[in-house]
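Reader: I keep meeting labels such as buried, stacked and tilted. Please show me how each label is earned.

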Amino acid sequence: MNKLMTVVAASVCAVSFSAVAFADADVSQEKLTKAEAEAVEEEEAEIFEAGVDIDFFSAYVWRNAVQTDEPVIEPCVWFDLTYFEPFWIGFYVWQNYDLTSRRHECLKGGLTETDYEVHLGATAWANEDETMSLDLEIGHDWFVNHQVKSAYREDYKNTAELYLKATFNNEFVNVYGQASWMYDDFGSFKQGMHYELGFNKEIDVLAPFELPEDTLILGLDWNLNFGDSRYLYFLYGGVYDGEDADGEETYRNPDAGIGGTTVKAYLTWNIT
């Protein structure tokens, strides 16, 4: 089997609704100056955050594989808790809704996937003015597939993934890298590794107009990623290798993995 390489470009328009909740301050506000009280409130506000993101995509592209080549909508509910700095813990529930019936795998507007993630992160390093920092994160995802059997595939599965991620944040561009180990929820030994390196840049479009910070964000994300042959086998099946002694079809690992690059442009409107 020839080495599979896929190059995908996708554009996205995203709308995000965010709400922030914070714990009661431990310090009496009456004994503080106005500036000190505002600083305490800001610090307390960072302890717990919760939000709802609603994204509209021209296509659902995941790791160079086009899952849906028509518009989709992807809502996400997330929570972040930062109690013992520099550590934080987060959880989110994400879903993908196919807005078309092009693939004939779900009804128009049908739910195709639900993801659950829990992660633990920490800021490993930051300079004095915090214009640069290095964040480390470990997390676990559960992918629940809602697609029905189609004419060309009968083995849609629920899967899980453990990942390690590092992000270098700075004023110019954020650089991130991630290694993921995907495995079967049902204890199968089929598993695979996936590696990703990318760059992300966001610009506050309305900053020159002195409007609230990060109201309208224009972003660009580029990544280069590769999955080994076990990863390719696990997600898309193996190479047909004839029949065994009992007449059952057998499959083997592909001769190579799958890799490529993805470019994503997006526009985000934040309401807090």
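Reader: What makes the charged end of K165 count as sitting over the ring of Y176?

Author: This is a predicted model, and the distance comes from its atoms. The charged end of K165 is 5.3 Å from the centre of the Y176 ring. The cut-off is within 6 Å, together with an angle within 35 degrees of the ring normal. K165 is listed as sitting over the ring of Y176.

Reader: How are two aromatic rings described?

Author: By the distance of the centres and the angle of the planes. By the rule for rings, the count comes to five aromatic pairs.

Reader: Why is the pair of Y60 and W94 called tilted?

Author: The ring centres of Y60 and W94 are 5.8 Å apart, and their planes are at 55°. A pair needs centres within 6.5 Å; planes under 30 degrees apart count as stacked and over 60 as edge-to-face. The value of 55° falls under neither label, so the pair is tilted.

Reader: What does the pair of Y60 and W94 tie together?

Author: Y60 lies in strand β3 and W94 in strand β6, so the pair ties together parts 34 residues apart in sequence.

Reader: Are Y60 and W94 buried or exposed?

Author: Buried means under 20% relative accessible area. Y60 has 7%, so Y60 is buried. W94 has 13%, so W94 is buried too.

Reader: What makes the pair of F199 and W222 stacked?

Author: The planes of F199 and W222 are 25° apart, and the centres are 5.6 Å apart. Stacked requires under 30 degrees, so this pair earns the label. F199 is in strand β11 and W222 in strand β12, so the pair ties together parts 23 residues apart in sequence.

Reader: Why are F199 and W222 called partly exposed?

Author: Partly exposed lies between the cut-offs of 20% and 50%. F199 has a relative accessible area of 34%, so it is partly exposed. W222 has 32%, so W222 gets that label as well.

Reader: How do you know that T112 is buried?

Author: Its relative accessibility is 5%, and the cut-off is under 20%, so T112 counts as buried. T112 is found in strand β7.

Reader: What makes the link between T112 and N96 a polar contact?

Author: The two side chains make the contact at 2.7 Å. The limit is within 3.5 Å, for a pair of N or O atoms that can donate and accept a hydrogen.

Reader: What is notable about the phi of E130?

Author: Most residues other than glycine have a negative phi. E130 has a positive phi of about 60°, although it is not a glycine. E130 lies in the loop between β7 and β8. At 65% relative accessibility, over the 50% cut-off, E130 counts as exposed.

Reader: How do you know that the peptide bond from E85 to P86 is cis?

Author: Its omega is near 10°. Most peptide bonds are trans. P86 is found in the loop between β5 and β6.

Reader: Which residues make up the largest nonpolar core?

Author: Six residues: F143, M182, Y231, L232, F234 and I258. Helix α2 gives the most to this core, with three residues. Apart from this core lies another, of five residues, including F57, V72, C76 and W94.

Methods: Residues numbered from 1 in each chain as written. Predicted model: local features only at pLDDT ≥ 70, side-chain atom pairs only at ≥ 80, totals over all residues. Heavy atoms only, no water. Core = buried A, V, L, I, M, F, W, Y, C linked by side-chain atoms within 4.5 Å. Buried < 20%, exposed > 50% of the residue type's maximum accessible area, 1.4 Å probe, protein only. Helix = DSSP H or I, 4+ residues; strand = E, 2+ residues; numbered from the N terminus. Phe/Tyr/Trp six-rings, centres within 6.5 Å; stacked < 30°, edge-to-face > 60°.
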